[in-house]
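Hello,

Here is the structure I promised to pass on to you. Please have a look at it first, and then read my notes underneath.

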Amino acid sequence: DKVLVTGANGYIAMWVTRLLLERGYAVRGTVRSEDKAQFMKDYFNGIGIAEKLETMVVEDIIKDGVFDEAVKGIDAIAHMASPFHTHAKEPSELIDPAVQGTVGILKSTIKNGQSVKRIVITSSAAAITSSATVSMSDKPAIFSETDWNTVSTKEVEEKGSDASPAHMYCASKTLAEKAAWEYSEKHKNEVTWDLTTLNPPYVFGPAIHDVSSVARLNTSLELWYNYVVAGILSSKDALSDSESWVDVRDIALAHVLALEKSEAAGERIVITEGGFIWQEWLAAANSLTPSPIPSHDLPVGYPEILDGEPVSDIRYNKSKEERILGIKFHTKVETTKDTLEDFATRGW
Ligand code: NDP
């Protein structure tokens, strides 16, 4: 079977591509430039699994019909291309590629993708809730697939470019996922495929995409680096903040399983190991001996934060994931060890 992965050079998508190739699938990955395609070919050649990898340059996912060629001869799709950064000035910077890219791939599939049976879209826990919307006094707050983040979309509607970049990102994920469900419902009599969306919170863990320097880290791993290695975000308040997370290799596996399992049809599925307090990552890093990253004095933060009852700001009900996918998740210590070892091999 041949799987189309969009945004294939990204942090999560590189792991999805790797797992697919390792399991014997053929992969067509779309990227925005030839040099990104070359990076992928070099990486997968380097680990000896490039034989069934094909790349295709798709520059502008906002344009109508850009995926028309990419979907030809494809059996399943993992749509991951979508901007994730926190420096947007205008909501449209994030919302247009998120929404139009998502609807675009569905449209192209109806037109040219008659052999496609399953489309998995990487949504986000940001489409369910956002830490910007849950106050610490509400905790722990438990969310599930029946919840939608209506706060961020409202913020963006009301404030436009004065809304926070975090709300702009959350709104882009919410609107894109809503558009996907609406489009597939509207066209359900014409389609050969069914839809699954995956809703991961923060994704951490080792990188296999092109990160030649710390400055080129993707948004979620950069945040982790800043807390756990650089100690830039080391105030007691910052380290007391909490959220939910998943290892990048586990969310990648979730994509593969969601493509394979018939029970995933028509479902949105939260994919998370569970909650964290930032201080817990520092504790995990400092618990490792010998230190996987000997060139760094890792920040110790405020260990007393963990003396209290461990409460997470935002938690998710995992029962749907357990029932349909049943992933055995990496623990914080495992992810921390592997991530620090990865950073160390880069000389960081
Ligand atoms: P990356 O930034 O590493 O990957 C994003 C991918 O999307 C890259 O291939 C990027 O291409 C592509 N892309 C971004 N903007 C555009 C655009 N305007 N047009 C075409 N392609 C674009 O991020 P992640 O791997 O973390 O994210 C992948 C997906 O997972 C996204 O949909 C994100 O919203 C979602 N997600 C991520 C989480 C996380 O914590 N990391 C949590 C929840 C969801 P290029 O390299 O050329 O910029």
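Below is what turned up, starting with a pair of helices and moving on to the empty spaces. Please keep in mind that this is a predicted model.

A good place to begin is helix α3 (residues 91-112) and helix α5 (residues 165-186), which pack at an angle of about 20° with their axes 8 Å apart. Angles under 35 degrees count as roughly parallel, and α3 and α5 are therefore roughly parallel to each other. The crossing of α3 past α5 is right-handed. On the α3 side, the residues in contact include Leu94, Ala98, Thr102 and Ile110, and on the α5 side they include Met168, Ser172, Ala176 and Tyr183. Sorted by class, this contact holds 17 nonpolar, two polar and one charged residues.

Next, the enclosed space. Searching the whole structure gives one cavity of 30 Å³ or more. The largest cavity holds about 70 Å³ of space. Among the residues that line this cavity are Ala98, Thr102, Lys173, Ala176 and Glu177. At least two lining residues come from each of α3, β5 (118-122) and α5, and α5 gives the largest share, with three. By class, the lining has five nonpolar, five polar and two charged residues.

Finally, there is an open space to look at: the second largest pocket, with about 160 Å³. Its lining includes Asp1, Asp75, Lys117, Arg118, Asp194 and Glu260, along with Val3, Leu20 and Tyr25. That lining divides into six charged, five nonpolar and no polar residues.

Enjoy exploring!

Best wishes

Terms used. Residues numbered from 1 in each chain as written. Predicted model: local features only at pLDDT ≥ 70, side-chain atom pairs only at ≥ 80, totals over all residues. Heavy atoms only, no water. Axes fitted to C-alpha atoms, helices over the stretch in contact; angles between N-to-C directions. Helix = DSSP H or I, 4+ residues; strand = E, 2+ residues; numbered from the N terminus. Parallel < 35°, antiparallel > 145°, perpendicular 65-115°, else oblique. Left-handed = near helix turned anticlockwise from the far one by under 90°. Contact = heavy atoms within 4.5 Å. Nonpolar A, V, L, I, M, F, W, Y, C, P; charged D, E, K, R; others polar. 1 Å grid on protein atoms, 1.4 Å probe; cavity = no way out; pocket = protein on both sides within 12 Å on 5 of 7 lines; lining within 4 Å. Points joined across faces, edges and corners; volume = space filled by probe spheres on them.
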